[in-house]
Amino acid sequence: MLGLPFLLESGERVRVIDPGILNKDSGPDFFNAKVKIEGKTWAGNIEIHMRASDWHRHGHDNDPAYDNVILHVVASSDTRIRRKDGTEIAQMKVTLPENFYKTFAYLTGGTPEIRCSQELHKVDSLRRSDWIETLTIERLQHKAARIEEILRTTNGDWNRACFKTLARALGFGLNAIPFEMLAESINLNHLRRHSDNILQMEAIFFGQAGLLDPMLHRGDMRYQVMCREYQFLSRKYSLHPIPKASWKFARTRPQNLPYRRIALLAKAFAETPDLFKRILDTKGDEDKLRPLFKWKVDPYWSRRLTFGSDAQTDANPPSLSEGSINILLINVGAPLLYAHALIHSDHELKEAAIALLTGLPPEQNAIIRNWQHLGFKPKDAGTSQALIHLRKEYCDRHECLRCRFGHQVLRATIND
């Protein structure tokens with residue numbers, strides 16, 4: 001359509017020179033577009049509606065953000081639109097097959113799911129692989145943006161960014177948000193003063209997690225000592241715990257409970273307070289990165305999954321499994337390296353971060369299993385990350401028009 005001539009409702013010829021930039025927030029749909037109407041070039045914004053009357057229904061007539069709209073594209077021209085100053089906005093009607101609208105309504109309606117699943121056969125293998133590769137990078141950029149936001153709020157503190165990123169990753173999805181809240185509530189300078197005393201370190205972590213109550217587990221001496229330590233340290237540093245209700249325990253397998261992972265986070269900081277520097281020094285080499293995440297929890301936690309429980313005869317693994325370390329490489333190692341590479345324009349490090357991701361085995365979770373049922377078989381972690389990103393950022397948000405799969409499915413309705 002770009003560059004092709006169309007007719008406005010007024011009968012004038014219009015040519016879209018540049019559609020501009022897609023707006024994902026409030027305001028007109030496309031910013032900084034250029035169109036030529038009867039030889040005269042206009043620069044401004046473009047708004048798109050199913051019905052022209054949606055302009056009024058959405059309140060654009062009273063919103064100054066829409067005063068600079070130069071082209072109104074509609075499927076049904078049931079009214080003419082004017083700016084607040086009374087000037088008429090150029091309006092173009094685009095007619096598409098009825099099947100297009102039915103498909104679009106189906107794709108973007110209903111509950112979040114992969115609604116184009118029955119139509120994916122219309123997407124050829126080349127487009128599939130190209131979109132997946134793009135999504136792999138987009139996923140890394142998405143995570144890098146979160147790291148950059150932490151840096152903006154901490155005056156460029158990479159250690160803090162690393163700590164919060166690691167904490168979130170140890171939540172393994174289910175408890176990612178409360179782990180991030182926990183990390184936010186802890187002052188790393190306070191931790192450094194007690195890094196030689198793992199009991200005090202754990203007291204700060206579990207206390208800030210809202211998981212210490214001296215009225216509980218009276219027979220667990222370690223727990224009671226931890227409660228007393230936290231009581232002292234909380235007064236010393238004016239600590240305020242996050243709500244215990246933030247944590248998810250219901251329908252959670254014992255090995256997925258947050259206790260051992262909180263203990264592991266405490267151990268990680270005690271042993272590697274300079275974790276970010278060590279990650280950066282590896283330059284993305286998996287063989288050098290993997291040992292950095294092999295922390296061993298205190299023997300108390302190698303025999304328990306929760307407080308107060310009896311020590312188990314068969315001890316649990318004192319460190320993370322290889323599969324769990326893979327997840328940390330995916331969600332901590334690669335994003336931190338990629339974010340640092342972007343900020344410092346380090347092309348080699350950026351490529352190393354991508355290579356690290358594509359060199360790891362694919363994840364296995366409910367989202368990936370769903371894609372596998374649809375014929376997508378990820379060959380590496382880069383592919384599985386792409387599919388996770390596709391589901392969360394496109395399918396669940398009904399962003400079918402921004403998805404190349406959705407675009408191709410809709411395009412097929414026009415060509416049919």
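**A buried arginine, a covered helix and two cysteines**

Let me begin with R260, which is buried and yet has no salt bridge, since the nearest side chain of opposite charge, that of E202, is 9.8 Å away. I should say at once that what we are looking at is a predicted model, and that R260 is found in helix α9, covering residues 258-271. What the side chain of R260 does have is a polar atom lying 3.4 Å from the backbone oxygen of R304.

From there I would like to turn to helix α4, made up of residues 158-170, where the 13 residues at 1.5 Å a residue should span 18 Å, and where the end C-alpha atoms are indeed 18 Å apart, so the expected span and the model agree. This helix is mostly covered, with 11 of its 13 residues buried, and among the buried ones are W158, R160, F163, K164 and L170. At the N-terminal end of α4 the cap is D157, which places a side-chain oxygen 3.1 Å from the backbone nitrogen of N159, while after the helix comes F172, with a positive phi near 45°.

Finally, the cysteines: how many disulfides does a search of the whole structure find? The search finds 0. C116 is in no disulfide, and the nearest cysteine sulfur to it, belonging to C395, is 6.0 Å away, whereas a disulfide would need the two sulfur atoms within 2.5 Å. C116 counts as buried because its relative accessibility is 9%, and C395, likewise in no disulfide, counts as buried at 12% relative accessibility.

How values were computed:
Residues are numbered from 1 along each chain as its sequence is written. This is a predicted model: local features need pLDDT of at least 70, side-chain atom pairs count only at pLDDT 80 or more; totals for chains, interfaces and linings use all residues. Side-chain values use heavy atoms; hydrogens and water are left out. Buried means under 20% relative accessible area, exposed over 50%, partly exposed in between (1.4 Å probe, protein chains only). Helices (H or I, at least four residues) and strands (E, at least two) are DSSP runs, numbered from the N terminus. Lys and Arg count as positive and Asp and Glu as negative; His and the chain ends are not counted. A salt bridge is a side-chain nitrogen of Lys or Arg within 4 Å of a carboxyl oxygen of Asp or Glu. A polar contact is a pair of N or O atoms within 3.5 Å; within protein, one must be able to donate a hydrogen and the other to accept it, and residues adjacent in sequence count only if both atoms are side-chain atoms. The expected span of a helix is 1.5 Å times one less than its number of residues.
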